[in-house]
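User: I'd like a close look at one part of this model, the sheet and whatever sits against it. Start at one edge and work your way across, please.

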Amino acid sequence: MKNRPITILLTGAMLLISAGYSSLSLAHGDETHVVEKTQFIGIDSAAGKVVKQFHNALKTGNEALVRQSLAENVQIYEGGKVDRSLAEYASHHLHADMAYLKGLTITLTEHQVAITGDIAISTAISHAQGEYKSKSVDSISMETLVLTKQVDGTWKIIHVHWS
């Protein structure tokens, strides 16, 4: 039983790695080991394709496809504010988001989609460069999306968190 805590730690670490976390630091004594995993995981899954569709629709101004990607009860958290439905997002920030992204070059530096049953979690880090309203943009963005599998087998985004 003496080694039980380290066994639990290592088992937990392996579960996190298999779930798609890109790196994890393990320490014992004064040694630290970093376990690296690829930075693009699960993006070709059905849920990952919905995420890519959503990003592309925002960038190209395709409102119909944005709406198709989001659940009616989606919650979108951004900048300390929340839109609590697709209708609210469409009436508040959707068009501004599309206008903002239109003039930018977005480079994904990391994107992982982990699926457990009928829930998928997409995490991404991207670099945005370009110009918006005559101002230079050069920023790093982080995104978490939660998707659920619908009765018909399609995936819908039910939660968005941008920072």
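How many bridges join β3 to strand β6, and do the two run parallel or antiparallel?

Analyst: Two bridges join β3 to β6 (residues 104-116), and the two strands run parallel. That is enough to call them paired, as two strands pair if DSSP finds at least two bridges between them. The element names come from DSSP runs numbered from the N terminus: helices are H or I over at least four residues, strands are E over at least two.

A quick word on the ground rules: this is a predicted model, so local features need pLDDT of at least 70 and side-chain atom pairs count only at pLDDT 80 or more, while totals for chains, interfaces and linings use all residues. Residues are numbered from 1 along each chain as its sequence is written, and side-chain values use heavy atoms, with hydrogens and water left out.

Now the whole sheet. Seven strands make up an open sheet with mixed pairing, in the order β3-β6-β7-β8-β9-β4-β5. β3 (40-41) and β5 (81-83) are at the edges with a single partner strand each, so one side of each has no neighbour in the sheet. On the β3 side, isoleucine 41 has glutamine 112 in β6 as its bridge partner. Helix α2 (residues 46-60) packs on the sheet, where it touches β4, β6, β7 (119-132), β8 and β9, and its direction makes about 145° with that of β8. Helix α5 (residues 94-102) also packs on the sheet, touching β4, β6, β7, β8 and β9, with its direction at about 125° to that of β6. Contact here means heavy atoms within 4.5 Å. The axes are lines fitted to C-alpha atoms, for helices over the stretch in contact, and the angles run from 0 to 180 degrees between N-to-C directions.

Moving across, the loop between β7 and β8 holds lysine 133 and serine 134. Phi is near 50° for lysine 133, a positive value in a residue other than glycine, and near 65° for serine 134, again positive without being glycine. As background, most residues other than glycine have a negative phi. Lysine 133 is exposed at 66% relative accessible area, and serine 134 is exposed at 67%. For the cut-offs, buried means under 20% relative accessible area, exposed over 50%, and partly exposed in between (1.4 Å probe, protein chains only).

Next comes β8 (residues 135-149), which pairs with β9 in the antiparallel sense over seven bridges. Lysine 149 has tryptophan 155 in β9 as its bridge partner. The two strands form a hairpin with five residues between them, and glycine 153 in the turn has a positive phi of about 95°. On its other side, β9 (residues 155-162) pairs with β4 (residues 70-78) in the parallel sense over five bridges. There, isoleucine 76 stands opposite valine 160, while glutamate 78 has tryptophan 162 as its bridge partner.

Glutamate 78 also stands opposite lysine 81 in β5. β4 and β5 run antiparallel and are joined by three bridges. They form a hairpin with two residues between them, and glycine 79 in its turn has a positive phi of about 60°.

Just past β9, serine 163 lies in the segment that follows the strand. Serine 163 is exposed, with 59% relative accessibility. Leaving aside residues up to four places away in sequence, serine 163 touches Ile140, Ser141 and Met142.

Then there's the pocket. The largest pocket has a volume of about 580 Å³. It is lined by 18 residues, and the closest to its centre are Leu101, Ile106, Ser126, Glu143 and Trp162. α2 gives the most to this lining, with four residues. The lining divides into nine nonpolar, five polar and four charged residues. In that count Ala, Val, Leu, Ile, Met, Phe, Trp, Tyr, Cys and Pro are nonpolar, Asp, Glu, Lys and Arg are charged, and the others, Gly among them, are polar. A pocket is an open set of points on a 1 Å grid over the protein atoms alone, where a 1.4 Å probe fits, with protein on both sides within 12 Å along at least five of seven lines; lining residues have an atom within 4 Å of a point. Points are joined across faces, edges and corners, and the volume is the space filled by probe spheres set on them.

Serine 126, one of the residues closest to the pocket centre, sits in strand β7. Serine 126 is buried at 13% relative accessible area.
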